[in-house]
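Here are some comments for a colleague who is starting to read this structure. Please keep the sequence and the 3D view open while going through the numbered points.

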Amino acid sequence: MSWLTPHFGSQLVDLGSAMLLLTCFAIVAQRRLSACVDLFALQSLFLALTAALVAFLTDTRHIYFAAAMTVAVKVVVIPHVLRRVIERLNVTRELVMNVNVPASLLICGALVMIAFFITQPIIPFGHLLTRDSLAIALAIVLIGFFTMIARQKAVTQMIAFLVMENGLFLGATAATYGMPLIVELGVFFDVLVAALIAGIYTNRLQDAFDSVDTNRLSELKE
């Protein structure tokens, strides 16, 4: 397509990356667990579309497969597992947090600035269409890590872990046009297994403590 110049393609990739970052803030602002799951699925869909665009612009075929796996695993399977867990636990909202929502949003804004500050000296040396997305990828990883600390429910901590993985996937795409196919397959398998284990662990936590608050684990005794 003559209209899809490398510069315009790079801007589209940056737009997709920005949408991923926007969904991170939306997840941080949400207290409803089902809404967090839906936002994660939406973020994963943006990630898949961005990866498919990169594959089209660079003619890197294995990224198409990674994008398809992202849709299958992170848009369909994992959200379905998490919704079943939420239904089983009958917990709809996260009322108590280690860091409240306004403070969390401010901290996440600061993390974005830190990510851009760290990557600013590196970006000019890159020659890839996706180089400007590296800062956003790092910001997503940092926000996901912070969310794991700020939230107490096991379900939202699992979503935060998956958000971090999305950031790492975007970072790999931005830095090297994706990882080798065998590595991507291993990562998707690991993420799927981690989600299944987290679902079992959350159910066991509910059975033992009648709560999915991970702070209750401090009550375990030898």
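1. In this note, a contact means that heavy atoms lie within 4.5 Å. Please bear in mind that the model is predicted.

2. Helix H4, which covers residues 101–119, packs against helix H5, residues 133–150, at an angle of about 145°, and their axes are 8 Å apart. The crossing of H4 and H5 is right-handed.

3. Which residues bring H4 and H5 together? On the H4 side they are Ser 104, Ile 107, Cys 108, Leu 111, Val 112, Ala 115, Phe 116, Ile 118 and Thr 119, and in H5 they meet Leu 134, Ala 135, Ile 136, Leu 138, Ala 139, Leu 142, Ile 143, Phe 146 and Ala 150. The residues of this contact divide into 16 nonpolar and two polar, with no charged residue.

4. Ser 104, placed in helix H4, counts as buried because its relative accessibility is 3%, under the 20% cut-off. Leaving aside residues up to four places away in sequence, Ser 104 touches Val 28, Val 99, Phe 146 and Ala 150.

5. Why does Cys 24 form no bond with Cys 108? The sulfur of Cys 24 is 7.9 Å from that of Cys 108, its closest cysteine sulfur, which is too far for a bond, since a disulfide needs sulfur atoms within 2.5 Å. Cys 108 is likewise in no disulfide, and the count for the model comes to zero disulfides.

6. Both cysteines should also be checked for burial: Cys 24 counts as buried at 2% relative accessibility, and Cys 108 counts as buried at 0%.

Methods: Residues are numbered from 1 along each chain as its sequence is written. This is a predicted model: local features need pLDDT of at least 70, side-chain atom pairs count only at pLDDT 80 or more; totals for chains, interfaces and linings use all residues. Side-chain values use heavy atoms; hydrogens and water are left out. Axes are lines fitted to C-alpha atoms, for helices over the stretch in contact, and angles run from 0 to 180 degrees between N-to-C directions. Helices (H or I, at least four residues) and strands (E, at least two) are DSSP runs, numbered from the N terminus. A crossing is left-handed if the near helix is turned anticlockwise from the far one by less than a right angle, and right-handed if clockwise. Ala, Val, Leu, Ile, Met, Phe, Trp, Tyr, Cys and Pro count as nonpolar, Asp, Glu, Lys and Arg as charged, and the others, Gly among them, as polar. Buried means under 20% relative accessible area, exposed over 50%, partly exposed in between (1.4 Å probe, protein chains only).
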